[in-house]
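Work through the exercises below with the sequence and the coordinates open. Each task is followed by a solution in steps.

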Amino acid sequence: MSDFDIVGPEAIREGVATDAYFQRTEAALRHAGKNPRVVAEVTADQFPDGEFELLAGVKDAAALLEGYDVDVDAMHEGRLFDGGPVMRIEGDYLEFARLETSLLGFLSHASGCATAALETRVAAPDSTVFSFGARHVHPSIAAMVERSALVAGLDGFSHVAAGEILGKEASGTMPHALMIAFGRGNQAEAFRAFDEGVPEDVPRVALCDTYGDETEEVLRAVDTLGDRLESVRLDTTSSRRGDFRHIVREVRWELDERGHDDVGIFVSGGLGPAELRHLRDEVEGFGVGGYISNANPVDFALDIVEVDGEPAAKRGKLSGTKEVYRTADGGHHVGLRGRPGPTDGESLLEPLIRDGELVRDFDIDGAALRAREDAERVGFGDD
Ligand SMILES: O=P(O)(O)OC[C@H]1O[C@H](OP(=O)(O)OP(=O)(O)O)[C@H](O)[C@@H]1O
């Protein structure tokens, strides 16, 4: 029994992490001796409408479905989608009915975070952007948030345990708590203790907004750390921010004026795509938290579209097994399987599981590359 209110991996894997009506559905079908062969599709919108979203969470979805006697096709992580299925499951319905709740949760939440992260990525394509939002969400999903940010092409993240799961090191330097622990007027001591206390490979980034004017604190960091100072971070609280761009430009000016043009400026605190666009030409990088971690999940649904070889669907949904295609001009097309697709269309649904066995490798960097190429191709987040 866990000390925390967390649904564990075993419950997810076994299908107990489900809505009760699926257990009732299984009981009813078994009672009636029915277990139809079905095709089910995971879809957010039936038709393309020009609003692309970024697919993530496929690795966890695959881990959930692996070992069950189903065939699954899915788009690759890092693909943008706009209408039609992102995943298709074929099998006896009783084999996977109870997995729907967790399956949709894996895909919906990760894709929501990844889409928001991609908005920040394209808003500042030449800047360093880190994911700082783990503090806003339940710790059990921190790795999902950070992985989604990486799939979107962000440069790093802050959560240590997520890093251990993802096989990548978390980034971060100092919070206000360090500055406050040393006390007002003792910023130099805090910067020095940081420099002397943390490993050499940690970038010397001084947080310069705790007690005084940003420029004053930046100059104090420069005086204390000299050439060892790599960057400064401004996290000016919103009530004191005024014109943040002006503050940043002033800091840049004073650094340059003293010959410290190699010292970078990072900013954080309540930032989203609009702020990144506004500040991107004046800073080296951003820490983005809530905009990514608090993103709305994508509204995926799993719908049966074929029963024992015959098209089926509830009203409002499109019956029949579908394919989705991307054309060179960035178009996203939905059509029926077995019918000709667009002549230059690339089919996006590819094998994920065959007879219960996983047939795909997952690679975060590869997903990020796909996201970048797709974002360019479809004009995602263009100004
Ligand atoms: O506003 P968000 O985009 O969600 O960014 C996440 C956090 O990152 C910054 O925290 P900082 O590291 O400065 O934390 P601290 O105030 O606890 O020191 C900022 O103050 C935000 O609280």
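## The chain as a whole

Of the 383 residues in the protein chain, 49% count as buried. The model is a predicted one. Its secondary structure comprises 14 helices and 18 strands. Along the principal axes, the C-alpha atoms fill a box of roughly 80 × 55 × 35 Å.

## Exercise 1: the ligand shell

Task. Describe the residues around the ligand and state which of them come nearest.

Solution.

1. There are 13 residues around the ligand, and H136, H176, D235, G270 and G290 come nearest.
2. By class, the shell divides into four nonpolar, six polar and three charged residues.

## Exercise 2: polar atoms facing the ligand

Task. Find N or O atoms of R233, then of D235 and G290, that lie within 3.5 Å of an oxygen atom of the ligand.

Solution.

1. In R233, an N or O atom of the side chain is 3.0 Å from an oxygen atom of the ligand.
2. In D235, a polar side-chain atom is 2.8 Å from a ligand oxygen.
3. In G290 the backbone supplies the polar atom, at 2.7 Å from an oxygen atom of the ligand.
4. The ligand taken alone exposes 490 Å², and the protein buries 76% of that.

## Exercise 3: from D235 to strand 10

Task. Which side chain makes a polar contact of 2.7 Å with the side chain of D235? Place that residue in the secondary structure and classify its accessibility.

Solution.

1. The partner is S268, whose side chain contacts that of D235 at 2.7 Å.
2. S268 belongs to strand 10, which spans residues 264–268.
3. The relative accessibility of S268 is 2%. Buried means under 20%, so S268 counts as buried.
4. D235 thus has two entries in these exercises: a polar side-chain atom 2.8 Å from a ligand oxygen, and the side-chain contact with S268.

## Exercise 4: aromatic rings

Task. Classify the ring pair F130 and F132 by geometry, then decide for each residue whether it is buried or partly exposed.

Solution.

1. A search of the whole structure gives five aromatic pairs.
2. F130 and F132 form one such pair, with 6.3 Å from centre to centre and 5° between the planes. Planes under 30 degrees apart count as stacked, and this pair is stacked.
3. F130 has 17% relative accessibility and is buried. F132 has a relative accessible area of 22%, so it is partly exposed; the cut-off for buried is under 20%.
4. F130 and F132 form one aromatic cluster together with F266.
5. Another ring, that of F244, has R241 over its face, at 4.1 Å from the ring centre.

## Exercise 5: helix 6

Task. Why is helix 6 described as largely enclosed by the rest of the structure? Then examine S148 within it.

Solution.

1. Helix 6 covers residues 142–151, and 10 of its 10 residues are buried, so the helix is largely enclosed by the rest of the structure.
2. The buried residues of helix 6 include the charged E146 and R147.
3. S148 lies in helix 6 and is buried at 3% relative accessible area.
4. The side chain of S148 reaches the backbone oxygen of M144, at 2.7 Å.
5. Just after helix 6, G153 takes a positive phi of about 95°.

## Exercise 6: positive phi outside glycine

Task. Locate D308 and D355, give the phi of each, and say whether they are buried or exposed.

Solution.

1. As background, most residues other than glycine have a negative phi.
2. D308 has a phi near 50°, which is positive. D308 sits in the loop between strand 12 (301–307) and strand 13 (310–311).
3. D355 also has a positive phi, near 50°. D355 sits in the loop between strand 17 (350–354) and strand 18 (357–358).
4. D308 has 52% relative accessibility and D355 has 61%. Exposed means over 50%, so D308 counts as exposed, and so does D355.

## Exercise 7: a residue of helix 14

Task. Place A375, classify its accessibility, and give its C-alpha separation from I247.

Solution.

1. A375 lies in helix 14, residues 364–378.
2. With a relative accessible area of 6%, A375 is buried.
3. A375 and I247 are 128 residues apart along the chain, and their C-alpha atoms are separated by 32 Å.

Technical notes: Residues are numbered from 1 along each chain as its sequence is written. This is a predicted model: local features need pLDDT of at least 70, side-chain atom pairs count only at pLDDT 80 or more; totals for chains, interfaces and linings use all residues. Side-chain values use heavy atoms; hydrogens and water are left out. A residue is near a molecule or strand if one of its heavy atoms lies within 4 Å of it. A polar contact is a pair of N or O atoms within 3.5 Å; within protein, one must be able to donate a hydrogen and the other to accept it, and residues adjacent in sequence count only if both atoms are side-chain atoms. Accessible areas come from the Shrake-Rupley method with a 1.4 Å probe; for residues, only the protein chains shown count as cover. Rings of Phe, Tyr and Trp (its six-membered ring) pair if their centres lie within 6.5 Å; planes under 30 degrees apart count as stacked, over 60 as edge-to-face and the rest as tilted. Buried means under 20% relative accessible area, exposed over 50%, partly exposed in between (1.4 Å probe, protein chains only). A charge sits over a ring if NZ of Lys or CZ of Arg is within 6 Å of the ring centre and within 35 degrees of the ring normal. Helices (H or I, at least four residues) and strands (E, at least two) are DSSP runs, numbered from the N terminus.
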